[in-house]
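Here's a quick tour for anyone opening this one up for the first time. Have a look around before reading on.

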Amino acid sequence: MDSTATCTVTCSDSQPTEFILPDFFSDCPYPMRLNPHCDPVSRAIEQWLCSEAHLVEPEATKYTTILRPGYFASVCFPDADAFHLKVCADFLGWSFKMDDWLEIERSDVNDAWGVRDCCISAYRVRDTSLCVHVSRGNGSQVLQNVSDIYMPLVVTSGWSDGRYQLLLTYRDPANFQTERYSGKMCKSYFSRFKETGGPGCTERFIHGMDLWFISAAKEVENRAKGHINDVESYIELRRDLSGCKACFAFTEFACQIDLPDEVVSHPVIIALEEAANDFISWSNDIFSYNLEQFHHSTNNSVAVLMVKQGLDLQGAIDYCGRLCNISLQRFEENRANLPSWGEEIDKDVAKYVEGLQNWITGTLQWSFESARYFGKDAHIVKQNRIVKLLPKRPL
């Protein structure tokens, strides 16, 4: 890290007016890549967001032109075909809207839990049943084949008229109904996700989303109570709140792979995911700090370090930057220690690990190519790394 990134506060009674970003683009060794379908998918996601979320100005411009979800998807999923990239972009566009709604617009934790229940229902609705008759000795194979298609939630079985009968109750998001825009948008992108998403990948996505909703509700509650987590508790919460666990399932979806349980449960894979997640989370906290301090939010690692460890602003920024570098080192160390599961599975694992790498570089690139954090000055900030603090919003 650049040794010139020193604290801008020189007197104990002074307040900082700016801070210096870590030199992320020098520290991150991975190439930036862009999906060739970026432009048409970007136009399509703009239409989808405005239609499904009923966006009007200035929100329409914010969630399309300013936040650029099509570009974000294109740098995080550079090898996806047009269909898969569009589903990924729709999910990211929806997540922008949800993130703002939960972090800025809502202080009632019951609202947060209500959105969680609605959206998880869109993934897990259980209102369709299927009866399958199988011959003796063939039940397990038929059940496996049916499971790959319908992802049954409830299975009952028994003999009827000399035939073995399986009664399956399965997820069917096509039959999900709600008046909430958040749930309708979930139904839209998830129904397309299910067209090619494998059963393991689908379960990991739903579980990751549930963790995100739970952590978001906790954050809403913390904000309402004025509670600030200690550093260790914040790190655990942040890994769920980043949304990376669901996004990494989208990496499988975009690569059209479905990793076996013995792969995703392996300590090296888990360590790779945590390293990527930590880099994305810590760097995002640095990028978003200015906006969050404007809103008086303390749910940010920079703010947590300042309160809990007594660091000044630049000291907390530098500390987070060092954690980002450590995360990159952990990522490379664990990549070097990947075991082998056989030639075919190893090919899928290589795609997945490269996908995690793409998320590291993609979030970094998007943070300066969109106006999410630095507004119209994003390219200037990328060059000089100086962030001017916004005056706090009046309470």
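What share of the contacts in the protein with a separation of 6 or more comes from residues 24 or more positions apart? The figure is 77%. Keep in mind that this is a predicted model.

## The overall picture

The protein has 395 residues, and 51% of them count as buried. Its secondary structure adds up to 17 helices and five strands.

On the outside, about 17,900 Å² is exposed, with carbon and sulfur atoms supplying 51% of that area.

## Rings and charges

Aromatic rings pair up here 35 times. Ring pairs also tie a set of residues into a cluster: Phe24, Phe25, Phe72, Phe77, Phe96, Phe279, Phe287, Trp359, Trp366, Phe368, Tyr373 and Phe374.

Phe25, one of the cluster members, also has a charge over its ring: the charged end of Lys382 sits there, 4.6 Å from the ring centre. There's another case at Tyr71, where the charged end of Arg68 sits over the ring, 4.4 Å from its centre.

## Helix 13 and a cavity

The count of cavities of 30 Å³ or more comes to one, and the volume of the largest cavity is about 50 Å³. Its lining is made up of Tyr234, Ile235, Arg238, Arg239, Asp278, Ser281, Trp282, Asp285 and Ser301. Two elements each give two or more residues to that lining: helix 10 (231-241) and helix 13 (267-294).

Helix 13 is also home to Ser288. Is Ser288 buried or exposed? It counts as buried, because its relative accessibility is 4%, under the 20% cut-off. Leaving aside residues up to four places away in sequence, Ser288 touches Asn300 and Tyr373; Tyr373 belongs to the ring cluster described above.

## Backbone oddities

Most residues other than glycine have a negative phi, and most peptide bonds are trans. With that in mind, take a look at the loop between helix 2 (38-52) and helix 3 (59-66), where Pro58 lies. The peptide bond joining Glu57 and Pro58 is cis, with omega at about 5°. His54 is found in the loop between helix 2 and helix 3 too, and its phi is positive, about 55°, although it is not a glycine. At 48% relative accessibility, His54 counts as partly exposed.

Arg385 has a positive phi as well, near 65°. You'll find Arg385 in the loop between helix 17 (378-384) and strand 5 (386-388). Arg385 is buried, since its relative accessible area is 12%.

Technical notes: Residues numbered from 1 in each chain as written. Predicted model: local features only at pLDDT ≥ 70, side-chain atom pairs only at ≥ 80, totals over all residues. Heavy atoms only, no water. Phe/Tyr/Trp six-rings, centres within 6.5 Å; stacked < 30°, edge-to-face > 60°. Lys NZ or Arg CZ within 6 Å of the ring centre and 35° of its normal. Helix = DSSP H or I, 4+ residues; strand = E, 2+ residues; numbered from the N terminus. Buried < 20%, exposed > 50% of the residue type's maximum accessible area, 1.4 Å probe, protein only. Contact = heavy atoms within 4.5 Å. Areas by Shrake-Rupley, 256 points an atom, 1.4 Å probe, with all protein chains shown as cover. 1 Å grid on protein atoms, 1.4 Å probe; cavity = no way out; pocket = protein on both sides within 12 Å on 5 of 7 lines; lining within 4 Å. Points joined across faces, edges and corners; volume = space filled by probe spheres on them.
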